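Reader: Could you take me through this model one question at a time, giving the reasoning before each value or name?

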Amino acid sequence: GKMRRLLSAVGMQVEGSDDAVLGAVTTEDALQVVRKTVEVFRGAVALIDEIDWVLHPLKSELHWPCGPTRSLDLAEPTATSPEPGLRWRIMGCLVDAIHDPAGALRQIFEAGAGENKAVLRPHPVVLDKGWYYRVLLPALAQELAGFLGPRTPVPSQELLAFLGPEGRCGPTLRRLPDTETKLVTLGRQLLHSVLPHLLSLSHRIRYGLLSEQAPGSGGGGADGGRLTTKG
C-alpha cells in the first residue's frame with residue numbers, strides 16, 4: 001500500500017513487486033532506508049532564498065491555513081468587550097502618544113535627546129534601552145492606563161503597578177475575565193517587549209561613507225567628496 005508507493009518513489013522495489021528499479025530489497029532493508037531518510041530531514045537545515053515570496057500568505061503553500069476559521073483574540077466585539085479591533089487600538093494609542101508634538105512624551109524625548117539617550121529625527125528613536133525602562137516606560141504606562149481604564153474594572157494604581165517597571169499583579173487583576181485579562185496582558189507585552197524593540201529602530205535607509213582606501217572609492221574627487229554605499 002502506502003509503503004510500497006513510498007519506496008517506489010525513491011527508486012526501490014519491495015519483495016514481490018514487478019517494477020524493479022534498483023533491484024529487490026527486503027522490507028527490513030527498505031524500512032532502514034526510510035528511517036535514515038527521515039533522520040536526515042529532521043536534522044537538516046533549509047537554506048531558503050527569497051523568503052518573502054516563500055512565506056507570502058497569498059502565494060505560498062507553506063501558509064495555507066488548516067482547521068476551523070476563528071477570529072483573532074480582541075479583534076471582534078464580544079459580549080464582554082463590545083468594542084471591535086482592540087488588539088490594534090491599544091497599539092494605536094501608544095503610537096499616537098509618542099508622535100503627539102504637544103504631548104508629555106514629546107518633552108521626555110526632547111530631554112532624552114539632550115542627554116544622547118534618544119533622537120527625534122527622522123522620528124523618535126531610543127538609543128539607550130536602560131533609559132527607556134527608567135524614564136519612558138512609566139510615562140507610556142500612564143498613557144496606556146488612561147486607555148485601559150474605561151475598558152477594565154482595575155483601579156488605576158493597580159493597573160499602573162502592573163504595566164510599569166514593577167510588574168506587580170494585584171488582586172483585581174487576578175479575578176479579571178478572560179477577555180480583559182488578555183487585553184491587559186497584551187498592553188504589558190507591548191510596553192516591555194514590542195515597543196523597546198520598535199523604538200530602537202530607525203525606519204529609513206542608512207548610508208555609510210567609504211574611506212579613501214576602500215576599493216572603488218576613487219580616492220575622492222576634485223571636490224574632496226566620497227562615495228556612499230547603502231547598508
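Reader: Which loop holds Leu55?

Author: The model is a predicted one, and the location can be given by the helices on either side. Leu55 lies in the loop between helix H3 (51-54) and helix H4 (86-99).

Reader: Is Leu55 buried, partly exposed or exposed?

Author: A residue counts as buried under 20% relative accessible area and as exposed over 50%, with partly exposed in between. Because the relative accessible area of Leu55 is 38%, this residue is partly exposed.

Reader: What is the accessible area of the nonpolar surface patch that includes Leu55?

Author: Membership of such a patch requires over 30% relative accessible area, and Leu55 has 38%. Its partners in the patch are Ile48 and Ile51, and together the three residues have an accessible area of about 250 Å².

Reader: At which residue does H6 bend?

Author: Helix H6 covers residues 129-148, and its end C-alpha atoms are only 25 Å apart, whereas a straight helix of 20 residues would span 28 Å. A proline, Pro138, follows the bend within four residues. The bend is about 50°, and the residue at which it is found is Leu136.

Reader: Which elements are among those covering the buried residues of H6?

Author: The buried residues of this helix include Trp131, Tyr132, Leu136, Phe147 and Leu148. Their cover includes strand E3 (118-119), strand E4 (125-126), H4, helix H5 (104-114), helix H7 (156-163) and helix H9 (178-198).

Reader: What percentage of the residues in the protein is buried?

Author: The protein contains nine helices and six strands, and it exposes about 15700 Å², of which carbon and sulfur atoms supply 56%. Of its 231 residues, the buried ones make up 28%.

Technical notes: Residues numbered from 1 in each chain as written. Predicted model: local features only at pLDDT ≥ 70, side-chain atom pairs only at ≥ 80, totals over all residues. Heavy atoms only, no water. Patch = residues over 30% accessible without salt bridge, like charges linked within 9 Å, V, L, I, M, F, W, Y side chains within 5 Å. Areas by Shrake-Rupley, 256 points an atom, 1.4 Å probe, with all protein chains shown as cover. Salt bridge = Lys/Arg side-chain N within 4 Å of Asp/Glu carboxyl O. Helix = DSSP H or I, 4+ residues; strand = E, 2+ residues; numbered from the N terminus. Buried < 20%, exposed > 50% of the residue type's maximum accessible area, 1.4 Å probe, protein only. Expected span 1.5 Å × (residues − 1). Bend = angle between axes of the 7 residues up to and from the residue. Contact = heavy atoms within 4.5 Å.
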